[in-house]
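Student: Could you take a close look at one part of this model for me, the largest nonpolar core? I'd like to know what it is built from and how it sits in the rest of the chain.

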Amino acid sequence: MEYDLQNPLTGFEEYHFDSVSALFANESDHMPSFLDFKSTDVRFSLRRHSVFLISQVQSSYKFDGYIAYLAVNYIDRFLSKQAVLENKPWIVRILVIVSLSLAAKMRNVDLSLSDIQRDVGLNFDAQSIQRMESLILDTLKWRLRSITPFSFLHFFNSFFKLGDPCLTQSLKQRASDIIFSTQYEIKLFEYKPSIIAASALLCAAEELIPLQFSSCLAAISEIQYSNKEELMNALAVMREMLIEGRDYCSMLTPKSVLECEHTSSQCETQTNQDRDTIKKKRLSDLRDDQTFQISQAQWC
């Protein structure tokens with residue numbers, strides 16, 4: 001069955017109380033676990049480069065936007081749980097290839113691995129890809145049916161009582177667009193998917209139905225699952241992004257990615273002192289030829 005980001009736990013079209021409760025109860029298991037993610041962190045450059053490559057592949061093949069969203073979600077969760085002490089081009093590329101492949105499988109979409117590998121600039125043998133896939137699956141505990149902000153849009157939107165199906169759909173679509181564009185904002189990492197969904201809907205309401213914004217805010221604030229303080233903080237971040245017209249993907253260029261890689265190599269010296277205390281696996285170096293092969297999945 002094709003995985004639906006708007007209803008990840010069941011195959012039912014209608015939302016029931018039990019399924020909604022389950023979404024809120026389990027959403028934290030599907031978000032990155034790092035809260036100290038800074039631009040000096042090697043994971044920042046790995047993520048930045050990954051997003052650039054995913055954007056590049058999506059631009060080439062025009063596949064479902066949810067595939068790219070899922071792939072970034074997998075990468076964020078993987079990087080937050082694995083100790084990555086250095087940034088090397090092959091790490092980013094195989095991570096992107098496998099994450100896109102897994103996301104496409106979840107969406108029941110055929111995505112050519114050979115085409116993706118050509119686009120990201122490196123070819124990996126089948127065994128290396130299988131090993132990386134196993135590493136990602138184990139790290140994510142096989143939780144690929146990610147609970148994302150899209151999972152909560154219908155629930156929150158139902159409280160607005162707009163009385164106009166077309167307006168309700170427009171609000172949901174605009175909120176979805178905002179969620180897509182804000183996935184790359186690291187300031188939102190600390191907020192749960194439900195908070196991001198509610199904030200996106202409120203931003204959409206502020207744009208499309210400004211006279212009803214106050215009533216929409218009051219409706220969401222009164223929901224038992226809402227945390228008003230977190231909601232207002234996340235809303236402020238989104239407002240800032242929309243006002244400034246920030247588009248993370250458009251700011252990514254090969255030059256900016258290379259500069260970020262250089263920064264990460266400098267900050268690696270700061271993380272060396274933590275090597276002895278980190279007891280996780282790291283992939284070993286790959287051979288420097290056209291087709292790379294992972295001889296051993298091992299993280300320091």
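Tutor: Here is a walk from the whole chain into that core and then out to some other spots.

First, some housekeeping: this is a predicted model, so local features need pLDDT of at least 70 and side-chain atom pairs count only at pLDDT 80 or more, while totals for chains, interfaces and linings use all residues. Residues are numbered from 1 along each chain as its sequence is written, and side-chain values use heavy atoms, with hydrogens and water left out.

The chain has 13 helices and two strands; these are DSSP runs numbered from the N terminus, with H or I over at least four residues for a helix and E over at least two for a strand. Of its 300 residues, 51% are buried. Buried here is under 20% relative accessible area, exposed is over 50%, and partly exposed is in between, using a 1.4 Å probe and protein chains only. The chain exposes about 14400 Å², and carbon and sulfur atoms supply 50% of that; the areas come from the Shrake-Rupley method with a 1.4 Å probe, and for residues only the protein chains shown count as cover. As for contacts, meaning heavy atoms within 4.5 Å, 78% of those between residues at least 6 apart in sequence join residues at least 24 apart.

Now the core itself. A nonpolar core is a set of buried Ala, Val, Leu, Ile, Met, Phe, Trp, Tyr and Cys residues joined through side-chain atoms within 4.5 Å. The largest one has 41 residues, and I54, Y74, V96, L100, M132 and I136 touch the most other members. Helices α2 (42-61), α3 (65-81), α4 (89-106), α5 (113-120) and α6 each give two or more residues to this core, with α4 providing the largest share, 13 residues. That fits a general habit: in soluble globular proteins, nonpolar side chains tend to be buried together.

Zoom in on α4. Leaving out neighbours within four places in sequence, L100 is in contact with I54, V57, F63, I67, A71, L111 and I116. Along that helix you also find L102, buried at a relative accessible area of 4%. With the same kind of neighbours set aside, within four places, L102 is in contact with Y74, E133, I136, L137 and L144. The C-alpha atoms of L102 and I67 are 8.9 Å apart, although their positions lie 35 residues apart along the chain.

Next, α6. At 1.5 Å a residue, the 14 residues of α6 (126-139) should span 20 Å, and the end C-alpha atoms are 20 Å apart, so the two agree; the expected span is 1.5 Å times one less than the number of residues. Its buried residues include S128, I129, M132, L135, I136, L137 and T139. For reading a pattern like that, recall that an α-helix has 3.6 residues a turn, so residues three or four places apart point the same way. At the start of α6, a side-chain oxygen of D125 comes to within 3.2 Å of the backbone nitrogen of Q127. After the helix comes K141, with a positive phi near 55 degrees.

K141 has company there. K62, in the loop between α2 and α3, also has a positive phi, near 55 degrees, without being a glycine, and K62 is exposed at 66% relative accessible area. K161, in the loop between α7 (153-157) and α8, is another non-glycine with a positive phi, about 50 degrees; K161 is exposed at 70%. For context, most residues other than glycine have a negative phi.

Finally, away from this core. Apart from it lies another core of 40 residues, among them I147, I209, L217 and M238. S194, in helix α9 (193-208), is buried at 4% and touches F24, E27, F152 and F156, not counting residues up to four places away in sequence. Y184, in the loop between α8 (165-182) and α9, is buried at 11%, and its C-alpha atom is 9.7 Å from that of Y69, 115 residues away along the chain. As for cysteines, C216 is buried at 2% whereas C166 is exposed at 58%, and a search of the whole structure finds zero disulfides, a disulfide being a pair of cysteine sulfur atoms within 2.5 Å.

Methods
Polar contact = N/O pair within 3.5 Å; in protein donor to acceptor, adjacent residues only side chain to side chain.
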